Amino acid sequence: RQQDAMANRSKDDLRSPICCILGHVDTGKTKLLDKIRQTNVQEGEAGGITQQIGATFFPADAIEKKTAVLGPDRAEKLKVPGILVIDTPGHESFTNLRSRGSSLCNIAILVVDIMHGLEPQTLESIRLLRDRKTPFIVALNKIDRLFEWKAIPDNSFVDSLAKQKPSVQAEFEKRVSETLLAFAEQGLNSQLYYKNKNFAKYVSLVPTSAHTGEGIPDMLNLLINLTQSRMSEKLMYITELECTVLEVKVIEGLGTTIDVVLVNGWLHEGDRIVVCGLNGPIVTTVRALLTPQPMRELRIKSQYVHHKSVKAALGIKISAPDLEKAIAGSRLLVVGPDDDIEDLKEEVMSDLTNLMTSIDRTGHGVWVQASTLGALEALLEFLKTSKIPVSGINIGPVHKKDVVKASVMLEKAREFAVMLCFDVKVDKEAEEMAEEMGIRVFTADIIYHLFDRFQEYHASITEQKRKDQASSAVFPCVLKMIPRAVINKKDPIIIGVDVIEGTLRLGTPLCVIKTNAETQAREIITLGKVTSIEQNHKTMEQVKKGGAGGGVAIKIECAVYETPKTYGRHFEDSDELYSKVTRQSIDILKESFRNDLSKEEWALVVKLKKVLGVD
Ligand code: GDP
């Protein structure tokens with residue numbers, strides 16, 4: 001009964017859902033947010049590209065006003081206090097809204113440009129959303145760019161569409177079906193939201209225009225409907241604190257501050273807090289809690305409001321001493337009266353130490369660096385599924401000391417002397433140093449671009465290695481001499497042979513095994529390397545077991561420093577000729593030619609190893 005009481009109380013006390021916006025660059029993420037907010041953040045930014053992270057709270061009454069135009073289609077009464085939208089210029093804030101590997105983002109808007117369809121970062125966003133199991137809707141933005149679209153500002157989309165010319169409606173339908181198909185190719189079922197009968201199975205598409213405001217009421221309404229009907233459990237207000245650091249920023253007059261999202265619980269001025277730092281846990285005391293004005297962004301400096309205490313959900317700036325080394329993406333914990341501070345320190349640091357477990361035990365692998373804890377986590381997850389080993393990690397800009405650490409791989413495994421840098425700057429000196437040392441530095445803000453570039457590089461290095469090692473590789477074969485087919489006894493030896501096991505290739509060193517008549521010891525006698533293979537006067541590169549329909553004539557030459565061997569003295573018709581494998585030649589085969597040998601041939605390598613007594 002007590003539980004029921006809890007549930008009832010909580011249901012009346014829903015907190016605001018947290019919403020992230022993701023998508024490809026230039027699809028209109030900033031503009032869309034801006035349109036809802038009716039301010040002009042985008043125009044104030046360089047090139048219209050958003051670089052900063054902020055959170056905007058959309059209170060329930062503002063949403064009600066905005067959605068009034070939908071009339072009877074509007075959601076039943078709003079139960080949530082509003083929506084907290086995180087202003088995302090990429091995946092940073094999404095990946096940083098995390099706690100113990102799961103996402104704190106309740107719902108996401110994936111913005112797609114209706115004129116462009118799915119683009120590289122759209123796919124990356126889908127992957128992130130899937131990994132973190134975050135529900136999302138798709139804003140199919142820029143509908144005003146459909147040819148001859150007649151705008152009705154801030155209207156409901158369904159009504160606006162009904163008022164368009166048939167040709168406009170036809171273009172819309174065509175582009176929508178292309179988008180549905182593209183999503184299907186990504187394994188996602190999707191449907192226009194007003195045709196969607198199954199929200200659990202189909203992702204909803206909301207057509208929008210950030211310029212005319214059309215479809216925005218529909219989008220807000222959909223967000224409210226989805227969060228209220230499908231995730232009220234998650235939104236029940238609980239007193240346990242849930243808070244993540246989105247960004248670490250230096251602010252004039254305040255020093256280093258952290259922008260955090262308080263997802264659940266309370267924060268108070270004077271609270272002792274613990275966050276994860278690059279050099280260990282940071283324990284400090286909240287000096288000021290600064291929140292933005294409603295409908296304003298964190299980044300507008302003069303608008304800070306000081307608070308004695310705040311309740312979730314909201315984006316806040318925390319001013320406190322000693323935050324210089326704090327890591328974005330870290331959890332924030334508050335020290336309670338009964339808490340053991342050492343436990344809390346260990347807990348915040350576990351986010352970083354858990355990532356250390358991704359490091360390859362043998363110490364072979366690429367160096368990985370990312371801007372934030374969340375971004376690093378996402379990249380490491382991806383590398384794990386791609387089976388790319390990692391030898392070391394760091395967070396923040398790449399400096400010389402990182403290059404030094406990565407350079408260990410130059411000796412160990414050249415193909416891994418690579419730094420994969422996700423969403424971070426590489427300092428000039430570090431870049432020069434890497435170049436000098438021969439370490440490849442790949443930077444990108446799309447994870448799989450890093451992957452592609454690494455694969456390409458890896459393939460070229462591996463190919464080079466194969467070429468370099470080709471002359472030292474020994475492919476296994478066993479030959480039988482054809483009786484009375486000796487053309488030249490020595491210098492060079494030219495004889496007729498049958499390949500009875502494996503494949504004979506040009507360059508293969510051959511040997512025979514003899515028992516010393518005096519000592520009875522087994523001796524391996526190296527004859528030389530095969531420098532020519534011929535059949536019916538046709539030269540060949542290689543002959544397979546029983547291949548080429550009969551015997552071949554081979555020429556065997558020994559190196560200048562070896563004593564030439566002679567037929568009749570060192571070997572005779574009854575001897576079998578073997579590839580002369582060594583420990584080193586087997587290692588080379590394993591390293592660079594593993595897939596060039598069949599299972600049978602590998603078995604032959606093992607056999608030869610025994611016959612020739614290679615350990
Ligand atoms: P972001 O990189 O996703 O944040 O994209 P922005 O919001 O910066 O928008 C990129 C460009 O597309 C800007 O020039 C916007 O004015 C333009 N844009 C955004 N939304 C719309 C829209 O709905 N219609 C049209 N015609 N242009 C848009």
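Me: What makes β25 and β30 count as paired strands?
Reply: Five bridges join β25 to β30 (residues 552-557), and two strands pair if DSSP finds at least two bridges between them. Five bridges therefore meet that condition. The two strands run antiparallel, and Ile493 has Ile556 of β30 as its bridge partner. This is a predicted model, in which local features need pLDDT of at least 70 and side-chain atom pairs count only at pLDDT 80 or more, while totals for chains, interfaces and linings use all residues. Residues are numbered from 1 along each chain as its sequence is written, and side-chain values use heavy atoms, with hydrogens and water left out.

Me: Which other strands does β25 pair with, and how do you know?
Reply: Seven bridges join β24 (residues 477-488) to β25 (residues 493-505), and three bridges join β25 to β29 (residues 542-544). Both pairings are antiparallel. Leu479 is matched with Val499 in β25, and Arg505 stands opposite Gln542 in β29. The names come from DSSP runs numbered from the N terminus: strands (E) have at least two residues, and helices (H or I) at least four.

Me: What lies between β24 and β25?
Reply: Four residues, and the two strands form a hairpin. Asp491 in the turn has a positive phi of about 55 degrees. The peptide bond from Asp491 to Pro492 is cis, with omega near 0 degrees, and Pro492 belongs to the loop between β24 and β25.

Me: Why are α10 and α11 called roughly parallel or roughly antiparallel?
Reply: Helices α10 (residues 341-356) and α11 (residues 373-385) pack at about 25 degrees, with their axes 11 Å apart. Angles under 35 degrees count as roughly parallel, over 145 as roughly antiparallel, 65 to 115 as roughly perpendicular and the rest as oblique. At that angle, α10 and α11 are therefore roughly parallel to each other. The axes are lines fitted to C-alpha atoms (for helices, over the stretch in contact), and the angles run from 0 to 180 degrees between N-to-C directions.

Me: And what about α16 and α17, which way do they run?
Reply: α16 and α17 pack at an angle of about 165 degrees, again with axes 11 Å apart. They are therefore roughly antiparallel to each other. Their crossing is left-handed, and α10 also passes α11 in a left-handed crossing. That word applies if the near helix is turned anticlockwise from the far one by less than a right angle; clockwise makes a crossing right-handed.

Me: What makes up the contact of α10 with α11?
Reply: Asp351, Leu352 and Leu355 of α10 meet Leu373, Leu376, Glu377 and Leu380 of α11, where contact means heavy atoms within 4.5 Å. By class, that gives five nonpolar, no polar and two charged residues. Nonpolar covers Ala, Val, Leu, Ile, Met, Phe, Trp, Tyr, Cys and Pro, charged covers Asp, Glu, Lys and Arg, and the others, Gly among them, are polar.

Me: What does α10 lie across?
Reply: α10 lies across β13, β14 and β19, at about 35 degrees to β13. These strands form an open sheet with the order β14-β13-β19 and antiparallel pairing. β14 (282-285) and β19 (332-334) each have a single partner strand, so one side of each is left without a neighbour in the sheet. Four bridges join β13 (residues 272-275) to β14, with Val275 opposite Ile282.

Me: Which strands are at the edges of the four-stranded sheet, and what makes them edges?
Reply: They are β21 (390-395) and β23 (440-444), and each pairs on one side only. The order is β21-β20-β22-β23, with parallel pairing. β22 (residues 418-422) and β23 share five bridges, and Phe422 stands opposite Ala444.

Me: Why is the Phe475 and Phe593 pair given its name: stacked, tilted or edge-to-face?
Reply: Rings of Phe, Tyr and Trp (its six-membered ring) pair if their centres lie within 6.5 Å; planes under 30 degrees apart count as stacked, over 60 as edge-to-face and the rest as tilted. The search of the whole structure finds nine aromatic pairs. Phe475 and Phe593 lie 5.8 Å centre to centre with 80 degrees between the planes, an edge-to-face pair. The two are 118 residues apart, Phe475 in the loop between α15 (447-469) and β24, and Phe593 in the loop between α16 (583-592) and α17 (599-611).
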